[in-house]
Structure formats: C-alpha cells, structure tokens
Amino acid sequence: MKGRSLRRTLVYAALIASAVIMLGPFFWTLSTSLKPTSDVFSSPPKWIPNPFTLQGYRDVLALPFPRYLLNSIVVSFSVVTLNVVFATAAAYAFAKLRFPGRNALFFILLLTLMVPFQVNLIPLYRIMVDLHNISPLIGANTYFGLIAPSAVQVFGIFLMRQFIASIPDAILESARLDGASEFRILRSIIFPLAAPAIATLAIFTFVTAWNDFLWPLIVTNTDSMRTLPVGLALLSRKNTVNWTATMAGAVITVIPMLAVFAVLQRRFIEGLTAGAVKGAS
Amino acid sequence: MKALRIAGAVVLAAGMLLAAGCGSSSSTPSATASGPITGTLTVWDYYGSATPIKPAVAAFQKLHPDLKINYQAVDYDTFQQKFSVGVSSGAPPDVATLDMTWIPEYASQGVLTDVSALSGGTLNGRPIAAQYTPGALHAMTYQGHLVTMLYDFDAYALYYRADLFKQKGIAAPTTWSQFSAAARKLAVTRGGKAVKYGFQVLPDTFHFAQMLFQSGGTILNSDDTQAAFDSPAGVTALNYMKSFLDDGTGVYWGPDQGDSSGIAGIKDQRIGMFLNGPYMMGILKSSAPEQKGEWAVAPAPINTRPGSYLGGTGLAIPANAKNPAAAWAFAQFLLTPSQQIGVYKYGGAAPATTAALHDPLLTKPDPYFGGQAPFAVFLQAMSTATPFPYVKPWSDIDTAISDGVTSALLGKQSAADALKGAAGRTNDLLAGQ
Amino acid sequence: MARVGLHPHTRRALTGYALIAPAMLVTTAFLLVPMALSAYWSLTTYNGITAPTWVGLHNYVALFQDPRFLRSLSNTVAFVILGMTIGPALGLCAALLLNERIHGRAFFRTAIFLPVTTSLVVVATVWKMLLNDQGIVNAVLSFFGLSGHAWLADPSTALYAVILVSVWQGLGFEAVVFLAALQSIPHDLYDAARVDGANSWRRFRHVTLPGLRPTLLFVFVIGIIGSFQVFDQMFVMTQGGPVGSTETIVYYLIDRFQALELGRASAVAYILLAILATLSAIQFRLFEERS
C-alpha cells in the first residue's frame, strides 16, 4: 500500500512538472506581450507584468496583423473546403467506381506522397508568376497562389479512400437501382456516412494550412497578402527587434487555433493523430 | 585584378566626363530623354519605418501622374531571398535597394542592369563621375561597368553614452588602449560579464574588418586571388575584439539576440558603446527616443591607422526589369540633392552624392546627440574607408570569415587557427570561382 | 444530362474521371510539372534569367564535394536521430503517465498536447526569446544554482537547443498516439502476465512494448520523414548559424536558391527526395512484413 501511494505521488509530480514545462512558455508569452519593452529581460524576471501595457498589441495592430489574420482565415477555410470536396470526390471514385487506369492513377498519387515540397518550391513559384502575368487575379501574391497548391492533398484522398472503401457496396447498389446518379450518391450517401472521416480530414487540413510557413513566405510579396506565421516570422527577424510586439503577434497567431481546439478538443486530437492510429492499426 | 578594376573605373569615369563634356546630354541615348514616363514602376525598399523612399514615391507620382507606382516595403533581413525569388522567376522589381555587400553576387550573375549604358554616363544631366567620391565610384563599378547607384553610404564610427562618459569622467577614446580603458570604466560587471553599459561585440565580418583595417591589414591580397585577413594584423584585430569579452567589458551580440542593430540591448541599457554606421542615428531616434541627449558619436579609435569598411545602399535595376526607363528616371529622382537630403531627414542615414554631402542641414547640431553634429564624424570615416572586395563568391567568403570570428570570440579556437581555417575556405572559394 | 444512349458502365467510368479530375489537375499542375522542371534544372547551371546550360551530373558531384552541403547533411541526420530518439522516448513516458489511474487526465493530456496545435514559427519565435542569454530559461536555471548559457549563440549547443524545442513541440502528438495504442492493448494480456508472476518491468517488456510496436514504427517513419525537411525552426531561431551548426538540407537548399544557383538548389532537392524515397521504401517493406 505504501509503495502504491509513493508511486502515485511520483506520477503526479512528473505530470505536474510536465504540465509546467508545456504550459510555462505559453504563460511567459502572454506575460511578455503585456510588458513594456524595457522589462522583457529584467532581472529578476517579472512573472506578472508590472507596469502593465498594451503597447505591444498597439504595435502589431499597426502592422497589419488584423489583415494577416483575415488572410489566414480566408486561406485556411478555403483549403479545408476544397480538400473536403475534392478529396472525398476523388476518394469515392478511387474506392467505388471502376474506370480504366484507376489503379495506375492512384499509384501515381501515392508516389507523390513522399515528394518533399521543397522539390517543387522554385518551379512552382515560377508557374505562379507566369499565371500572374496572364491575370492579376491568380498566381503569385494572390489568394489563388496561396490556396491552389494545397487545394487537394494526396494524404486526404488516401485517408478518405480507406474510409469510403469500408462503406458496404449494397447501400450504393440499392441507391443506383432507385435511379440515383453517382453525383447524387456522393452527395446524399457518401458525405453523410463519411462525416467522421471528413471531420478528421477537415481538422488535419485546417491545422496544416493555418500553420503553413514556407510556401506563404515565398509566394507573398506584400503585407496585404501575408498570413499570420509569415507576418510573425518577419516581425521576429526585423533588424530592430521588438520582443513585446513579437509576443503580442504570437498570441494573436495562437489564439484562434486554441479557440478551435477548446471547442473541438476530442475531435481535434483524433484529427491530428488519425493518420498514425489508422495507419498503425 | 583589383588594379584592372580601378583602371576600368577610371577609364569609365573619364569616358563619362568626356561624353558629358562633348555633347549636350540630349545626344546620348539616355532614358530621361525619351518622353513621358508611363507604365508600371515597381519599387522594393528595405529601409523600414523611417524610409526616405516612400515620401519620394509620392513626390515622383505627382510629377508623373500617368505612371502606376507599385511600392513594396520588404524587410532587410529577408530582402535577398525575396529579390532572388523575384528576379529568378521573372517577377523582379524595377528599382531595388541593395546592400552594397550583396552587389558582387548579383553583378557576377549578370542580374543587374549595366547603368553605364542605361544612363549614357549622366545623372540628372551631369556626369556621374562628377557627383560621387572616388571611393563611391569604385564601389559602384563591377568589371568596368556601373551596376548600381550609391544611395546612402555606410562607414563605422563609435557611438557612446555621452551622459555616462561625463558622469564617470571618461574622455572619448582615440586609440585602442584608451578604448579598452574607457570600456573598463564604463561597464558594470557581474561575475566577469558585463551586465550594463558594455561594448557591443558583433561576431561579423564588418566589425572584424573594422579592427583589421585599423591594424593595417586587408581582406584579400592586392589582386584578389588569396585571403590576406589571416595576417598578423588579422590576428591582432581578432584578439583585440576578444579582449572585450575576456575582461568582461563587452556584450557578445550573437544571432540569438534577435537583431544586429542591438536596439533591444540599447534600450535595456546592456549596451553602452557600439561601432556602427550612420543609419543607426535614425534607428536610435525612432526606436529609442527616450535616450535623447544621452548618445554621442566619435571617430572609431585606431590601432595604427584609421579605416572602416565602406558600404551602403545601392539603387539597382534588375537586368530583366519590366520598365527600365521609368526605373532610371526614378533612380535619378532619388539622387537629386533635395531627395538625397531626405535620406538624412527621414532615414537618419547618410546620403551618398557629393552635392548632398555638403548640404548645411547635415552639419546642423542634432538635439538627439546633445547638440553634436555626428554626421561630420561619418564623413571623416568615409574618407578613409574601403569597400569589401568585389569577387564573385563574396557572400560565401563573408560567411567563412564571420564563422571564424565567431569561433574565436567564443573561445572554440585561437584567433590564429580560426582565421587560418577561414582563409583556407576563402582560397578554395576564390580558386573555384 | 445525356443519360440516354450511354451504357451504365461507360457512364460510371466517365463520372469516375470527372470526380478525380480536380485532384489530378491540381496534382499535375502544382506537383508533377514542377517536379519535372526541377529535375531538368538539377542537370543544368541556371540562374533563372539566362537560359540554363546543360552540365549533366555536375551539380550532384559538386554537392558531395562541398563541405557546407556535407555539413548540412550531417546536421540534418543528427537532428533526425536525436529528435527521433528523445521525442518518442519522452512521448512514451508521458503516455505511460497519462495511462495511470489519475485525476485530471483530460487536463494533463491537453497541457501536453497544446504545443502540437501551435505553429512551428510561433514555437520557434517564443523559444528564441526564452533561450536568449538573458532569457527566462537561464533565469530559472540560475534560481536552481545552475549557470546559464547563450544556448543559441554557441555552435556547440545551438543544434541541441533547436532539437529540444522541436521535441517540446511534437511531444504531445507522440504521447496521444501512444496513449491510444496503450489503451487498445487488451487487459487480459496483463492479467495473464500477472498470473504468470511477471513483475512490472517484464509486463512492460513483454506485453506493452510488443503491443506498441506498430504504433512505434509509424511514429518513427512519420517523424523521420518530417524531420528530414526541418526548416522553420532554423529560419526563425538561428538562420543556420552560429558557424553553420544548424544549417540543414532544406536551409542549404533555400540558401542556394537565394544565391541564384537554381541548378544546385534543385539537385539538393532531388538528393532529399532520394533519401525520403529510400526511407519510404523501407517503411513499405516493414508494413508489408507485418500484414
């Protein structure tokens, strides 16, 4: 009995220590964002901002952080919507319809899964510039340029195909006998039945799109098109660094994601880890 | 090679004088002569919040209402990446601010327009050669061609906390030994480390070159084929930099500090002295207004002779710019005396054309610097400053040198070994170009 | 709709093509075409302005003679190996703790998972400040009587600091995945082991670990492939320095791009692709073996 309670104490001690290490930086970020710049590295450290100031937030709101936020929202939601629609459609075709070349095409898609994005980076940017020369609405430094390359992620097709394959053919056949078209089947049978997988896909895509960095960094030229991570990275690498403003920017970047996480916690964790659990089981 | 380049510059300058002297500027194929400026002009500017270029854009727009000007502020730190991406994928700016130390890399790739041809040798109707100092002309020339127009210049002087110097009875140092002594009196140390009012020690090529030039050394040999910075003068220079860290009077300002200007350390009082260029006048005023009246500028203390690196900002027109005519017109506009004064007025930095250098505004007492006119100090520094070598692999050599300097300052290697290693890499790069 | 006249099979096939069309179009335009361009460039000298000149395999040969590239390769391998031992090990510890019968499991799980939701750029920016010479990490260390250090300024510690930050960010992912796997191990297996008199270490060794094997494998593969592409942390925290100690493959690729050596940069990309393809093939083999 004594051994057990000692063990419990150790378990709690270790858990509390981990929680402090994991949450501490979040707390310190928030605290720093509310300090005057002269107190950032004060010794001894000030855990609670005193004096308290919103100057850091005023500084980043003057940079167009609200604009970055808007861009991040537009880009992430578009990427999620497009992926849900296109990946589910493609996954349905790959899982349930027969057409010549189906397996070969799916195999090519699978192969692209292991291509690191960096291979495409430079030529992709060139393509975007060429598109921009055709029309100023598309290509480099536009929403199109930010969204299009991630509009369909192969991983999503893969994930959805696995799920849709498990839907019994009998359901589809009876719908077909009732005269439903394939598009109708997709809309009124596959989408509702695949809702859990779609939620997983949506969360996974949302997190990757929201946090994406390298491509938005390359493809955007102006403040009006930058997303939050790019705006923040450039802010933190300015020749005259302003730590309180940078931390205020970090808070603004993190808050929306934490809000989504708070609301959808269980789904969220499942969404992010689905690939691992599914793939391994 | 260097001799050849200087000869080239001289011939070029003579040619331009000749061209301007013989005919009126209208007979040269100058872009300014060709009617109204139209189309779109894309300008990339790395100055940041205190930019003199943005107000110039507005003024230029008034002169050319039909021109669509697309002005973009791009951060200095990521400017090269953006510039490379833009140029290599066919979306370059028409006019860009380029740090003079980036010029060799781009010029050697054929990325920059030959301004000699575009300008016909004249700038705002007068010969280019007559509007810059010889040092500046030298810095603007790559293999006999003008590849950029110097817009602001950079040469180092010593910024120090005049209020603390006065309080502690320290005189502005003029020699290295006085410099060390002043640092010892100024710094507040704890556990052998400066916690307040230290001398900012930056582990980069600029600051090493400062000490190197002042000890009579050079970066490369006279024909730019071999490293020369590992000479005894180089070892002396590097050891001197390190001495500030050894006796706890220096603040090591590594990349983890987040910026190279050191503004965070200036504001929280960790830094009491630093060597830097005129652009820091503007940064101090805009980022540390609360320290008004506390700073002053003195010539950098010398070992055996005065010296500094000579750099600055060049206005460059990419070879594949869409609207070179408008670009050159705008570049000329930026280099008119009234706009050049804007470099000082808005940016707090140092204009580059000789006409602007002698503007009385620059020698007016500056209340931020306690009524001093620090500009005169930088002018003096410029007269003895040398640009970095114009060799193709310069940016890789720069990395090799700063790596060596970093290793030595952190005590990973002796100064001699660190410089020897860097020199080896430099020689390989020069041999392989 | 032209339903009349088409055989249902043909119609279904056409629908199939229509449904995969957007996916194939995006993949072709933004993935396959750029890949082909990049492959061609890697065999040329190209600065993006003047026409590319064919140089055959010269870029690849030159890279393997370039000390900077070799260093970036070894830095990346060190990042992968250390990151992928410390990360999963700590993740497993956290999962085992969370799997105990405890109060507030949801809270602790959330706390450990929180950094996973945060972008690497934010994490790197924040830790750059925490790990600063004057930062809070050193302040806490000195509170415990330990001496501080300029972690990111010293070439012998910078890479380790970046690795620890990356582990901190990814730990929650590994913990949650392991926790799910732990909870799926049938209880009777433990009971049977207990009946056989196995102590807790032996139960861990002979029941838990084998049960976790597929998950472990998956975490390793995903993690290794991701770690080989590390860039964001270096871009924000160290810019590849000091003294190149944190310059990774992708960082070097971007650096060559910036120097307008597009041919060289593309060759770096293809070397990375070759490494990842090899790893994926091994992964495939391992999964085949299992199923």
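**Asn59(C)**

I started at Asn59(C), which sits in helix H2 (residues 58–64) of chain C. Helices here are DSSP runs of H or I with at least four residues, strands are runs of E with at least two, and both are numbered from the N terminus. The model is predicted: local features need pLDDT of at least 70, side-chain atom pairs count only at pLDDT 80 or more, and totals for chains, interfaces and linings use all residues. Residues are numbered from 1 along each chain as its sequence is written, chains are lettered from A and ligands numbered from 1 in the order in which they are written, and side-chain values use heavy atoms, with hydrogens and water left out.

Is Asn59(C) buried or exposed? Asn59(C) counts as buried because its relative accessibility is 3%. The scale calls a residue buried under 20% relative accessible area, exposed over 50% and partly exposed in between (1.4 Å probe, protein chains only).

I then listed what Asn59(C) touches, leaving out residues up to four places away in sequence: Trp41(C), Ser42(C), Leu43(C), Thr44(C), Gly263(C), Arg264(C) and Ala267(C). Contact means heavy atoms within 4.5 Å. With Arg264(C), the side chain of Asn59(C) makes a polar contact of 3.0 Å. That term covers a pair of N or O atoms within 3.5 Å; within protein, one must be able to donate a hydrogen and the other to accept it, and residues adjacent in sequence count only if both atoms are side-chain atoms.

**Helix H11 of chain C**

I looked next at helix H11 (residues 249–258) of chain C, which is largely enclosed by the rest of the structure because 9 of its 10 residues are buried. The buried residues are Ile249(C), Val250(C), Tyr251(C), Tyr252(C), Leu253(C), Ile254(C), Asp255(C), Arg256(C) and Phe257(C). Just after H11(C), Leu260(C) has a positive phi of about 60 degrees.

**Chain C against chain B**

I counted 26 residues of chain C in contact with 25 residues of chain B. The two chains bury about 2,300 Å² between them, with 54% of it on carbon and sulfur atoms. Buried area is the accessible area (1.4 Å probe) that two parts lose on being put together, summed over both. Which three residues of chain C supply more of its buried area against chain B than any other three? They are Ile49(C), Gln258(C) and Leu260(C), with 24%.

I found 4 salt bridges across this interface. A salt bridge is a side-chain nitrogen of Lys or Arg within 4 Å of a carboxyl oxygen of Asp or Glu. Asp396(B) and Arg68(C) meet in a salt bridge at 3.2 Å, N to O. Chain C and chain B also have 9 residue pairs in polar contact, both residues at pLDDT 80 or more. On the side of chain C that touches chain B, helix H3 (67–98) and H11 of chain C are the elements that give two or more residues. H11(C) gives the largest share, 3 residues. That side of chain C divides into 12 nonpolar, 7 polar and 7 charged residues. Ala, Val, Leu, Ile, Met, Phe, Trp, Tyr, Cys and Pro count as nonpolar, Asp, Glu, Lys and Arg as charged, and the others, Gly among them, as polar.

**Chain C against chain A**

I repeated the lookup for chain A: 90 residues of chain C are in contact with 92 residues of chain A. The buried area is about 8,000 Å², and carbon and sulfur atoms give 79% of it. In chain C, Leu19(C), Phe30(C) and Met129(C) lose the most area to chain A, together 9% of what that side buries.

The salt bridge count between chain C and chain A is 2. The side chains of Arg7(A) and Glu100(C) form a salt bridge at 2.4 Å, N to O. For polar contacts I noted 10 residue pairs, both residues at pLDDT 80 or more. Helix H1 (residues 8–41) of chain C gives the most to the side of chain C that touches chain A, 23 residues. That side of chain C divides into 64 nonpolar, 18 polar and 8 charged residues.

**Domains of chain B**

Last, I checked the domain assignment of chain B, which gives domain 1 (2–154 + 310–358) and domain 2 (157–309 + 391–432). Such bounds come from an automatic or database domain assignment. The centres of the two domains of chain B, taken over C-alpha atoms, are 30 Å apart. Between domain 1 and domain 2 of chain B, I noted 0 salt bridges.
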